[in-house]
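The following exercises concern disulfides, cavities and nonpolar cores in a predicted model. Each task is followed by a worked solution.

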Amino acid sequence: MTIQRRGNPKVPDANGIEKKIKRGNALRQASAWRVSRGSLLLVVVAMAVVGTLTWLYLASGDPYTTETLVRQAEVVAQTRVYTVDCSEDYENYKRYPGCTPQTCGRAVTDNSVTREEAMALRRLAERGLALAGSDGGASILDLHSGALSMGKQFVNIYRYFGEQITDVFSEEDFRLYREVRGRIQAVIAETFDLDPSLLYLTKPTFFSRINSTLAKTQHDEYWHPHIDKVTYGSFDYTSLLYLSDYGTDFTGGRFIFMDSNGNRTVEPRAGRVSFFSSGSENLHRVEQVSWGTRYAITVSFTCDPAHAISDPAMPITSV
(Lines give C-alpha, C1' and ligand atoms only; values in the text may rest on other atoms or scores of the structure.)
Protein backbone atom coordinates (compact mmCIF):
# COMPACT_ATOMS: atom_id res chain seq x y z
CA MET A 1 0.00 0.00 0.00
CA THR A 2 1.35 3.24 -1.00
CA ILE A 3 0.84 6.04 1.36
CA GLN A 4 0.71 9.53 -0.11
CA ARG A 5 2.48 11.80 2.19
CA ARG A 6 1.41 15.41 2.50
CA GLY A 7 3.95 17.92 3.41
CA ASN A 8 3.37 20.73 5.88
CA PRO A 9 1.10 23.44 4.40
CA LYS A 10 3.02 26.32 2.89
CA VAL A 11 2.72 29.47 4.94
CA PRO A 12 2.10 32.52 2.70
CA ASP A 13 4.69 35.21 2.67
CA ALA A 14 3.54 38.32 4.61
CA ASN A 15 4.81 40.65 1.91
CA GLY A 16 2.82 38.76 -0.72
CA ILE A 17 -0.38 39.09 1.32
CA GLU A 18 0.12 42.85 1.62
CA LYS A 19 0.69 43.14 -2.13
CA LYS A 20 -2.50 41.20 -2.86
CA ILE A 21 -4.47 43.38 -0.44
CA LYS A 22 -3.18 46.52 -2.08
CA ARG A 23 -3.93 45.12 -5.54
CA GLY A 24 -7.46 44.21 -4.43
CA ASN A 25 -8.05 47.67 -3.04
CA ALA A 26 -6.81 49.22 -6.27
CA LEU A 27 -9.16 47.02 -8.32
CA ARG A 28 -12.11 47.90 -6.10
CA GLN A 29 -11.27 51.61 -6.35
CA ALA A 30 -11.00 51.34 -10.14
CA SER A 31 -14.30 49.47 -10.27
CA ALA A 32 -15.94 52.02 -8.01
CA TRP A 33 -14.60 54.81 -10.21
CA ARG A 34 -15.97 53.09 -13.32
CA VAL A 35 -19.39 52.81 -11.65
CA SER A 36 -19.17 56.39 -10.39
CA ARG A 37 -18.03 57.62 -13.80
CA GLY A 38 -20.86 55.72 -15.46
CA SER A 39 -23.41 57.23 -13.07
CA LEU A 40 -21.96 60.67 -13.59
CA LEU A 41 -22.15 60.18 -17.36
CA LEU A 42 -25.83 59.19 -17.06
CA VAL A 43 -26.52 62.29 -14.97
CA VAL A 44 -24.76 64.51 -17.54
CA VAL A 45 -26.69 62.91 -20.41
CA ALA A 46 -29.98 63.28 -18.51
CA MET A 47 -29.24 66.95 -17.79
CA ALA A 48 -28.39 67.52 -21.43
CA VAL A 49 -31.66 65.91 -22.56
CA VAL A 50 -33.70 67.94 -20.06
CA GLY A 51 -31.86 71.10 -21.07
CA THR A 52 -32.49 70.42 -24.76
CA LEU A 53 -36.19 69.74 -24.17
CA THR A 54 -36.48 72.89 -22.06
CA TRP A 55 -34.79 74.94 -24.76
CA LEU A 56 -37.05 73.47 -27.42
CA TYR A 57 -40.11 74.23 -25.27
CA LEU A 58 -39.06 77.82 -24.71
CA ALA A 59 -37.96 78.30 -28.30
CA SER A 60 -41.18 76.93 -29.71
CA GLY A 61 -43.42 78.92 -27.33
CA ASP A 62 -46.77 77.22 -27.21
CA PRO A 63 -46.09 73.41 -27.21
CA TYR A 64 -49.57 72.72 -28.64
CA THR A 65 -49.13 74.85 -31.74
CA THR A 66 -49.28 72.51 -34.72
CA GLU A 67 -48.90 74.97 -37.59
CA THR A 68 -47.41 78.40 -38.17
CA LEU A 69 -49.58 80.14 -40.75
CA VAL A 70 -47.16 83.03 -41.29
CA ARG A 71 -43.67 83.47 -39.88
CA GLN A 72 -42.18 86.78 -38.86
CA ALA A 73 -39.51 86.67 -41.57
CA GLU A 74 -42.03 86.21 -44.39
CA VAL A 75 -43.39 89.17 -46.31
CA VAL A 76 -47.03 88.61 -47.33
CA ALA A 77 -47.38 90.87 -50.36
CA GLN A 78 -50.78 89.47 -51.34
CA THR A 79 -53.41 88.86 -48.70
CA ARG A 80 -53.27 85.25 -47.53
CA VAL A 81 -56.71 83.87 -46.64
CA TYR A 82 -57.59 80.76 -44.60
CA THR A 83 -61.29 79.92 -44.86
CA VAL A 84 -63.14 78.20 -42.00
CA ASP A 85 -66.81 77.26 -41.57
CA CYS A 86 -68.91 79.98 -39.95
CA SER A 87 -70.26 79.25 -36.47
CA GLU A 88 -73.89 79.71 -35.47
CA ASP A 89 -73.01 82.73 -33.32
CA TYR A 90 -74.25 85.18 -35.94
CA GLU A 91 -77.72 83.62 -35.85
CA ASN A 92 -78.19 85.05 -32.35
CA TYR A 93 -77.93 88.62 -33.63
CA LYS A 94 -79.69 90.73 -36.19
CA ARG A 95 -78.28 90.05 -39.63
CA TYR A 96 -77.11 92.87 -41.87
CA PRO A 97 -77.10 91.93 -45.57
CA GLY A 98 -73.87 92.87 -47.26
CA CYS A 99 -71.96 92.80 -43.98
CA THR A 100 -72.84 89.92 -41.61
CA PRO A 101 -70.32 87.13 -42.30
CA GLN A 102 -71.39 84.67 -45.00
CA THR A 103 -67.87 83.37 -45.49
CA CYS A 104 -65.70 83.10 -42.39
CA GLY A 105 -61.99 82.76 -41.91
CA ARG A 106 -58.77 84.50 -41.03
CA ALA A 107 -56.31 86.41 -43.19
CA VAL A 108 -52.91 88.10 -43.09
CA THR A 109 -51.34 90.89 -45.13
CA ASP A 110 -48.13 92.90 -44.98
CA ASN A 111 -49.25 95.19 -47.79
CA SER A 112 -51.78 97.53 -46.14
CA VAL A 113 -49.56 99.37 -43.66
CA THR A 114 -45.89 100.19 -44.19
CA ARG A 115 -43.24 99.39 -41.64
CA GLU A 116 -42.51 103.12 -41.29
CA GLU A 117 -46.16 103.84 -40.51
CA ALA A 118 -46.17 101.04 -37.94
CA MET A 119 -43.10 102.53 -36.28
CA ALA A 120 -44.75 105.97 -36.17
CA LEU A 121 -47.84 104.48 -34.52
CA ARG A 122 -45.64 102.61 -32.07
CA ARG A 123 -43.97 105.87 -31.05
CA LEU A 124 -47.43 107.35 -30.54
CA ALA A 125 -48.30 104.41 -28.26
CA GLU A 126 -45.01 104.67 -26.37
CA ARG A 127 -45.56 108.36 -25.66
CA GLY A 128 -49.13 107.84 -24.46
CA LEU A 129 -48.37 104.79 -22.33
CA ALA A 130 -45.32 106.51 -20.81
CA LEU A 131 -47.78 108.77 -18.96
CA ALA A 132 -48.95 105.84 -16.82
CA GLY A 133 -49.30 102.12 -17.53
CA SER A 134 -50.50 99.05 -15.68
CA ASP A 135 -48.72 97.62 -12.62
CA GLY A 136 -49.05 94.26 -14.37
CA GLY A 137 -47.84 93.11 -17.77
CA ALA A 138 -50.64 94.47 -19.98
CA SER A 139 -51.40 98.14 -20.60
CA ILE A 140 -53.88 99.74 -22.99
CA LEU A 141 -54.38 103.13 -24.58
CA ASP A 142 -57.74 103.84 -26.22
CA LEU A 143 -57.68 107.08 -28.20
CA HIS A 144 -61.45 106.86 -28.77
CA SER A 145 -62.70 106.68 -25.18
CA GLY A 146 -59.51 108.09 -23.63
CA ALA A 147 -59.01 104.97 -21.46
CA LEU A 148 -55.43 104.57 -20.23
CA SER A 149 -54.08 101.94 -17.83
CA MET A 150 -52.80 103.47 -14.61
CA GLY A 151 -51.67 101.15 -11.84
CA LYS A 152 -54.53 98.76 -11.15
CA GLN A 153 -57.21 100.94 -12.74
CA PHE A 154 -57.97 103.14 -15.76
CA VAL A 155 -58.13 106.90 -16.19
CA ASN A 156 -59.38 109.11 -18.99
CA ILE A 157 -56.21 110.43 -20.56
CA TYR A 158 -57.91 113.56 -21.92
CA ARG A 159 -59.44 114.57 -18.58
CA TYR A 160 -56.58 113.44 -16.35
CA PHE A 161 -53.78 115.14 -18.28
CA GLY A 162 -55.79 117.95 -19.85
CA GLU A 163 -53.77 120.36 -21.99
CA GLN A 164 -50.62 118.26 -21.50
CA ILE A 165 -51.99 115.99 -24.23
CA THR A 166 -50.94 118.52 -26.88
CA ASP A 167 -47.34 117.93 -25.77
CA VAL A 168 -47.78 114.16 -26.21
CA PHE A 169 -49.83 113.78 -29.40
CA SER A 170 -50.05 115.79 -32.60
CA GLU A 171 -52.67 116.27 -35.28
CA GLU A 172 -50.40 114.24 -37.56
CA ASP A 173 -50.64 111.29 -35.13
CA PHE A 174 -54.43 111.28 -35.35
CA ARG A 175 -54.39 111.73 -39.13
CA LEU A 176 -52.14 108.69 -39.56
CA TYR A 177 -54.29 106.67 -37.16
CA ARG A 178 -57.46 107.47 -39.15
CA GLU A 179 -55.79 106.71 -42.46
CA VAL A 180 -54.46 103.35 -41.31
CA ARG A 181 -57.83 102.41 -39.82
CA GLY A 182 -59.45 103.15 -43.19
CA ARG A 183 -56.99 100.90 -45.04
CA ILE A 184 -57.58 98.06 -42.60
CA GLN A 185 -61.34 98.44 -43.05
CA ALA A 186 -60.90 98.36 -46.83
CA VAL A 187 -58.83 95.16 -46.88
CA ILE A 188 -61.33 93.41 -44.57
CA ALA A 189 -64.22 94.43 -46.84
CA GLU A 190 -62.36 93.29 -49.96
CA THR A 191 -61.29 89.96 -48.47
CA PHE A 192 -64.73 89.02 -47.13
CA ASP A 193 -66.60 90.55 -50.11
CA LEU A 194 -68.43 93.18 -48.06
CA ASP A 195 -69.83 96.59 -48.78
CA PRO A 196 -67.27 98.77 -46.93
CA SER A 197 -69.89 101.46 -46.28
CA LEU A 198 -71.81 98.92 -44.18
CA LEU A 199 -68.83 98.12 -41.97
CA TYR A 200 -68.39 100.32 -38.89
CA LEU A 201 -65.57 100.87 -36.43
CA THR A 202 -66.64 99.72 -32.97
CA LYS A 203 -65.31 99.61 -29.41
CA PRO A 204 -63.03 98.62 -27.90
CA THR A 205 -60.35 99.64 -30.39
CA PHE A 206 -57.04 100.27 -28.64
CA PHE A 207 -53.24 100.12 -28.45
CA SER A 208 -51.77 97.38 -26.27
CA ARG A 209 -48.37 97.05 -24.65
CA ILE A 210 -47.56 93.62 -23.23
CA ASN A 211 -44.44 92.48 -21.37
CA SER A 212 -43.44 89.71 -18.97
CA THR A 213 -44.32 91.55 -15.74
CA LEU A 214 -46.52 89.41 -13.48
CA ALA A 215 -50.24 90.11 -13.67
CA LYS A 216 -51.65 92.22 -10.84
CA THR A 217 -55.33 92.25 -11.86
CA GLN A 218 -57.55 90.27 -14.22
CA HIS A 219 -57.04 93.01 -16.81
CA ASP A 220 -53.41 91.88 -17.04
CA GLU A 221 -54.38 88.28 -17.83
CA TYR A 222 -54.55 88.67 -21.58
CA TRP A 223 -53.69 85.02 -22.37
CA HIS A 224 -57.03 83.33 -21.68
CA PRO A 225 -58.88 81.73 -24.64
CA HIS A 226 -61.89 83.74 -25.77
CA ILE A 227 -64.32 84.43 -28.60
CA ASP A 228 -64.71 88.08 -29.58
CA LYS A 229 -68.37 87.75 -30.63
CA VAL A 230 -69.19 86.22 -27.24
CA THR A 231 -67.17 88.77 -25.26
CA TYR A 232 -68.42 91.73 -27.30
CA GLY A 233 -71.69 90.98 -29.07
CA SER A 234 -71.21 93.90 -31.45
CA PHE A 235 -68.01 92.46 -32.98
CA ASP A 236 -68.25 90.94 -36.46
CA TYR A 237 -64.66 91.35 -37.67
CA THR A 238 -61.50 91.76 -35.59
CA SER A 239 -58.09 92.93 -36.74
CA LEU A 240 -54.67 93.40 -35.21
CA LEU A 241 -51.97 95.66 -36.53
CA TYR A 242 -48.60 94.65 -35.11
CA LEU A 243 -46.15 97.39 -34.18
CA SER A 244 -43.17 95.23 -33.12
CA ASP A 245 -41.36 92.10 -34.27
CA TYR A 246 -41.61 88.60 -32.83
CA GLY A 247 -38.18 87.18 -32.02
CA THR A 248 -36.46 90.59 -32.06
CA ASP A 249 -38.52 92.88 -29.84
CA PHE A 250 -40.10 90.08 -27.79
CA THR A 251 -40.68 86.33 -27.57
CA GLY A 252 -43.92 84.61 -26.73
CA GLY A 253 -46.85 86.88 -27.54
CA ARG A 254 -47.93 85.03 -30.68
CA PHE A 255 -51.61 85.04 -31.63
CA ILE A 256 -52.99 81.49 -31.39
CA PHE A 257 -56.07 80.24 -33.25
CA MET A 258 -57.39 77.27 -31.26
CA ASP A 259 -58.94 74.91 -33.81
CA SER A 260 -60.43 71.49 -33.04
CA ASN A 261 -57.65 69.75 -34.98
CA GLY A 262 -54.75 71.79 -33.62
CA ASN A 263 -53.51 75.29 -32.86
CA ARG A 264 -52.35 77.69 -35.55
CA THR A 265 -50.34 80.84 -35.08
CA VAL A 266 -49.37 84.07 -36.79
CA GLU A 267 -45.99 85.50 -35.82
CA PRO A 268 -46.13 89.30 -35.33
CA ARG A 269 -44.20 91.56 -37.68
CA ALA A 270 -44.28 95.37 -37.57
CA GLY A 271 -46.80 96.54 -40.17
CA ARG A 272 -48.52 93.16 -40.41
CA VAL A 273 -52.33 93.10 -40.28
CA SER A 274 -54.03 89.91 -39.14
CA PHE A 275 -57.83 89.85 -39.30
CA PHE A 276 -60.68 87.38 -38.92
CA SER A 277 -64.40 86.89 -38.49
CA SER A 278 -65.22 87.33 -34.80
CA GLY A 279 -67.34 84.23 -34.07
CA SER A 280 -66.43 81.01 -32.29
CA GLU A 281 -64.96 79.65 -35.53
CA ASN A 282 -61.98 81.76 -34.46
CA LEU A 283 -61.52 80.87 -30.79
CA HIS A 284 -58.13 82.33 -29.90
CA ARG A 285 -55.69 83.53 -27.30
CA VAL A 286 -52.32 85.26 -27.04
CA GLU A 287 -49.23 83.51 -25.68
CA GLN A 288 -47.71 85.01 -22.58
CA VAL A 289 -44.79 87.27 -23.46
CA SER A 290 -41.61 85.75 -22.04
CA TRP A 291 -39.27 88.72 -22.63
CA GLY A 292 -39.30 92.07 -24.35
CA THR A 293 -42.33 94.22 -25.17
CA ARG A 294 -45.08 93.56 -27.70
CA TYR A 295 -46.99 96.51 -29.20
CA ALA A 296 -50.13 96.17 -31.29
CA ILE A 297 -53.43 97.87 -32.15
CA THR A 298 -56.71 95.97 -31.97
CA VAL A 299 -59.11 97.48 -34.52
CA SER A 300 -62.67 96.14 -34.27
CA PHE A 301 -65.59 96.35 -36.69
CA THR A 302 -69.34 95.80 -36.49
CA CYS A 303 -72.20 95.52 -38.95
CA ASP A 304 -74.58 97.20 -36.49
CA PRO A 305 -74.62 101.00 -36.96
CA ALA A 306 -75.98 101.38 -33.43
CA HIS A 307 -72.58 100.27 -32.12
CA ALA A 308 -70.47 102.44 -34.43
CA ILE A 309 -67.87 104.80 -32.99
CA SER A 310 -66.13 107.76 -34.58
CA ASP A 311 -62.45 108.14 -35.32
CA PRO A 312 -60.55 109.92 -32.55
CA ALA A 313 -59.57 113.56 -32.98
CA MET A 314 -57.04 115.81 -31.37
CA PRO A 315 -58.79 117.41 -28.39
CA ILE A 316 -59.52 121.12 -28.65
CA THR A 317 -57.78 123.07 -25.90
CA SER A 318 -58.72 126.46 -24.58
CA VAL A 319 -56.43 129.36 -25.44
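**Exercise 1.** Determine whether Cys86 is buried, partly exposed or exposed, and characterise the disulfide that contains Cys86.

*Solution.* Step 1: the relative accessible area of Cys86 is 31%. Buried requires under 20% and exposed requires over 50%, so Cys86 is partly exposed. Step 2: the sulfur atom of Cys86 lies 2.0 Å from that of Cys104, and the two residues form a disulfide. Step 3: Cys104 has a relative accessible area of 1% and is therefore buried. Step 4: the torsion about the S-S bond of this pair is about 105°, so the disulfide is right-handed. Step 5: Cys86 belongs to the loop between β2 (80-84) and β3 (104-109), while Cys104 belongs to strand β3, so the bond ties together parts 18 residues apart in sequence.

**Exercise 2.** Assign the handedness of the disulfide between Cys99 and Cys303, and derive the connectivity pattern of the protein.

*Solution.* Step 1: Cys99 and Cys303 are joined with an S to S distance of 2.1 Å. Step 2: the S-S torsion of Cys99 and Cys303 is about -80°, so this disulfide is left-handed. Step 3: Cys99 is in the loop between β2 and β3 and Cys303 in the segment after β16; the pair links distant parts of the chain, 204 residues apart. Step 4: both Cys99 and Cys303 are buried. Step 5: the count of disulfides is 2, and with bonded cysteines counted along the chain the pattern is 1-3, 2-4.

**Exercise 3.** Describe the largest cavity by volume and by lining.

*Solution.* Step 1: with a threshold of 30 Å³ or more, the count is 1 cavity. Step 2: the largest cavity holds about 40 Å³ of space. Step 3: its lining consists of Leu121, Tyr177, Val180, Arg181, Ile184, Ile297 and Val299. Step 4: α5 (171-191) and β16 (294-302) are the elements giving two or more residues to this lining, and the largest share, 4 residues, comes from α5. Step 5: the lining divides into 6 nonpolar, no polar and 1 charged residue.

**Exercise 4.** Identify the residues with the most contacts inside the largest nonpolar core, and list the contacts of Leu121.

*Solution.* Step 1: the largest nonpolar core has 45 residues, and Leu121, Phe169, Ile188 and Phe207 have the most contacts inside it. Step 2: α5 supplies the largest share of this core, 8 residues. Step 3: leaving aside residues up to four places away in sequence, Leu121 touches Leu176, Tyr177, Val180, Phe207, Leu241, Leu243 and Ile297. Step 4: another core lies apart, with 18 residues, including Val76, Val108, Tyr222 and Phe250.

Definitions and conventions: Residues numbered from 1 in each chain as written. Predicted model: local features only at pLDDT ≥ 70, side-chain atom pairs only at ≥ 80, totals over all residues. Heavy atoms only, no water. 1 Å grid on protein atoms, 1.4 Å probe; cavity = no way out; pocket = protein on both sides within 12 Å on 5 of 7 lines; lining within 4 Å. Points joined across faces, edges and corners; volume = space filled by probe spheres on them. Nonpolar A, V, L, I, M, F, W, Y, C, P; charged D, E, K, R; others polar. Core = buried A, V, L, I, M, F, W, Y, C linked by side-chain atoms within 4.5 Å. Buried < 20%, exposed > 50% of the residue type's maximum accessible area, 1.4 Å probe, protein only. Contact = heavy atoms within 4.5 Å. Disulfide = S-S within 2.5 Å.
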